[in-house]
Amino acid sequence: MIKACDLKKSSIVKIDGGPCMVENIQVQSPSARGSATLYKVRFRNIASKQKVDRTFKGDDVIDEADFERREVQFLYSDGSSYAFMDLDDYNQFELNADDLEGQSGFLSDGLEGIKSLISDGKVLGIELPPVVELEITETGPSMRSASATARTKPATLSTGHVIQVPEYMEQGE
């Protein structure tokens, strides 16, 4: 059991009988006397990938999900599926691009700190490390005096994924 005020991003709890990961938390402190602080939480069901929005008071209790985190290594991709190896028992498994949901653009050879989420012997998904360093392979020219503005430009990473970066960043960074 975990209190709503103790929830953190990437915590995994049981909502409606299924394991859900916390994606976003908004805290609202009401100004009226006697009112409780509200926690608006967006969960993502790990098995079905559906979003679930719930509002809790700080003292509300939520069931923790039974799952296991194990360190894995990314091996290769063949387009629609991604192969991983469990570093504890060296078993290999594959996940579809739908199971990774936006994480595939940050997978590269030698990336350390990837964890698999396992429930009832089944791999539900992966959890990337908090920081992933990738090289910019293609972007527009940098601007010298662009640091005072908050404008961005598209950049292609070494994995082929396109993200927005500040204007002062260059190719090779």
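**Exercise 1.** How much space lies in the second largest pocket? State also which residues line this pocket.

*Solution.* The structure is a predicted model, in which local features need pLDDT of at least 70, side-chain atom pairs count only at pLDDT 80 or more, and totals for chains, interfaces and linings use all residues. Residues are numbered from 1 along each chain as its sequence is written, and side-chain values use heavy atoms, with hydrogens and water left out.

Step 1. A pocket is an open set of points on a 1 Å grid over the protein atoms alone, where a 1.4 Å probe fits and protein lies on both sides within 12 Å along at least five of seven lines; lining residues have an atom within 4 Å of a point. The volume is the space filled by probe spheres set on the points, which are joined across faces, edges and corners. For the second largest pocket this space is about 190 Å³.

Step 2. The lining has 13 residues, and D86, F93, I118, G121 and V123 are the closest to the centre.

Step 3. Strands are DSSP runs of E with at least two residues, and helices are runs of H or I with at least four, numbered from the N terminus. Strand β9 (92–96) gives the most to this lining, with three residues.

**Exercise 2.** Describe the largest pocket and the setting of Q103.

*Solution.* Step 1. About 490 Å³ of space lies in the largest pocket. Among its 20 lining residues, M21, E23, E101, Q103 and I126 lie nearest the centre.

Step 2. At least two lining residues come from each of β3 (18–28), α1 and β11 (122–127).

Step 3. Q103 itself is placed in the loop between α1 (97–100) and β10 (114–119). Apart from neighbours within four places in sequence, Q103 is in contact (heavy atoms within 4.5 Å) with I126, E127 and L128. A polar atom of the Q103 side chain lies 3.3 Å from the backbone oxygen of I126.

**Exercise 3.** In what order do the strands of the four-stranded open sheet stand?

*Solution.* Step 1. The order is β2-β3-β4-β5, with antiparallel pairing; two strands pair if DSSP finds at least two bridges between them.

Step 2. Strands β2 (12–15) and β5 (51–57) form the edges, each pairing on one side only.

Step 3. Four bridges join the antiparallel strands β2 and β3. Within this pair, I12 stands opposite M21 in β3; M21 is also one of the residues nearest the centre of the largest pocket.

Terms used. Polar contact = N/O pair within 3.5 Å; in protein donor to acceptor, adjacent residues only side chain to side chain.
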